[in-house]
Amino acid sequence: MQAIKVFSLAIEYLKNHLLEKIQQRLKNALQDDDLYFVLTVPAIWDDPSKQFMREAAEAAGIKKDKLAIALEPEAASIFCQKLKTDKAETGRDFCETVKSGMKYMVIDLGGGTADITVHQRISDGTIQEVVPPSGGPWGGKSIDEAFFKFLCEICGTKVMEDLKSIELEDYIDLFREFETKKRSVRNNNQTNVVITLPVSLTDLVKQQHKSLKWHLKNPVIEIL
């Protein structure tokens, strides 16, 4: 199946789900033409990629004059304008914290990319771009890829590929646990990070090498 077909089907599903929920709440008082859709894309996407997303949205049934493509960090910056800066119900919002003339950076750390933009608050309440949006493939998945590469260096690439193809459930459980540990790590963390390796992984290592303990040289990981 072509990529544009996959994207258009995903957008169409989200659009129809949104319309269904809105109609339920407003009792069919809203028409399709009353909505204006804004699709966000990573800041590092080039013009052909943005055009691809636009064409996918149009194929999903969204009209050209009812569609806009926005950069994710810019959309986040606009959203933050009404975001509370503390947990109190009566706390100040972003607009009260960032005064006129102040510059601020918005960093959108997603799964695939990290998008960065710098804005300045203008006296009339609008925001102005200070530097063009930028970013790179530094999202959460890059850490997963580094962990996979780390395991390949310890256990061997073939072992990890076999684990993924033969013992897929154990492979998923391993990276699910890694995801949990990844989210709990803090800058001031001084303790070892303990990750339980599946038995199937140790068996695969034994089939191709001496033993797993023989290959483990990093003291951060412990065998449970």
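With which residue does Asp173 form a salt bridge? The partner is Arg176, and the closest N and O atoms of the two side chains lie 2.8 Å apart in what is a predicted model. Because Asp173 and Arg176 are 3 residues apart in helix α7, about one helical turn separates them. An α-helix has 3.6 residues a turn, so residues three or four places apart point the same way. Asp173 itself is partly exposed, with a relative accessible area of 36%.

To place this helix, it helps to begin with the whole chain. The protein has 9 helices and 5 strands, and from the N terminus on its elements follow the order α-β-α-β-α-α-β-β-β-α-α-α-α-α. Of its 224 residues, 32% are buried, and the accessible surface comes to about 14,900 Å², with carbon and sulfur atoms contributing 55% of it. Among contacts with a separation of 6 or more, 53% are made by residues 24 or more positions apart.

The largest nonpolar core contains 17 residues, and those with the most contacts inside it are Phe147, Cys155, Val159, Met160, Leu163, Leu174 and Leu201. Two or more residues of this core come from each of α5 (140-155), α6 (157-166), α7 (168-184) and α8 (199-208), with α5 giving the most, namely 5 residues. Met160 shows how such contacts reach along the chain: leaving aside neighbours within four places in sequence, Met160 is in contact with Phe148, Leu151, Cys152, Tyr171 and Leu201. Apart from this core lies another, of 15 residues, which includes Leu35, Ala57, Ile62 and Leu67.

Ala57 leads to helix α2, where the buried residues are Met53, Ala56 and Ala57. They lie on the same side of α2, because the arc they cover around the axis is only 100 degrees. Their cover includes α1 (3-26), β1 (37-41) and β2 (67-71), whereas the face turned away from the buried side carries the exposed residues Asp47, Pro48 and Ala59. The length of α2 (residues 47-59) can also be checked: at 1.5 Å a residue, its 13 residues should span 18 Å, and the end C-alpha atoms are indeed 18 Å apart. After α2 comes Gly61, whose phi is positive, near 100 degrees.

Returning to charged pairs, the count of salt bridges comes to 6. One of them joins Asp144 to Lys182, with the closest N and O atoms 2.9 Å apart, and this pair links distant parts of the chain, since Asp144 belongs to helix α5 and Lys182, 38 residues away, to helix α7. Both Asp144 and Lys182 are buried. Another salt bridge joins Arg183 and Glu179, at 2.8 Å from N to O; these residues are 4 apart in helix α7, and so about one helical turn separates them. Arg183 counts as exposed at 63% relative accessibility, while Glu179, at 23%, counts as partly exposed. Asp144, Glu179, Lys182 and Arg183 are linked in a network of salt bridges.

A last stop is Trp138, found in the loop between β5 (127-136) and α5. Is this residue buried or exposed? Its relative accessible area is 53%, and because the cut-off for exposed is over 50%, Trp138 counts as exposed. Trp138 nevertheless touches Gly112, Thr113 and Ala114, not counting residues up to four places away in sequence, and its C-alpha atom is separated by 8.8 Å from that of Asp115, 23 residues apart along the chain.

Terms used: Residues numbered from 1 in each chain as written. Predicted model: local features only at pLDDT ≥ 70, side-chain atom pairs only at ≥ 80, totals over all residues. Heavy atoms only, no water. Buried < 20%, exposed > 50% of the residue type's maximum accessible area, 1.4 Å probe, protein only. Contact = heavy atoms within 4.5 Å. Areas by Shrake-Rupley, 256 points an atom, 1.4 Å probe, with all protein chains shown as cover. Core = buried A, V, L, I, M, F, W, Y, C linked by side-chain atoms within 4.5 Å. Expected span 1.5 Å × (residues − 1). Arc of directions from axis to C-beta. Salt bridge = Lys/Arg side-chain N within 4 Å of Asp/Glu carboxyl O.
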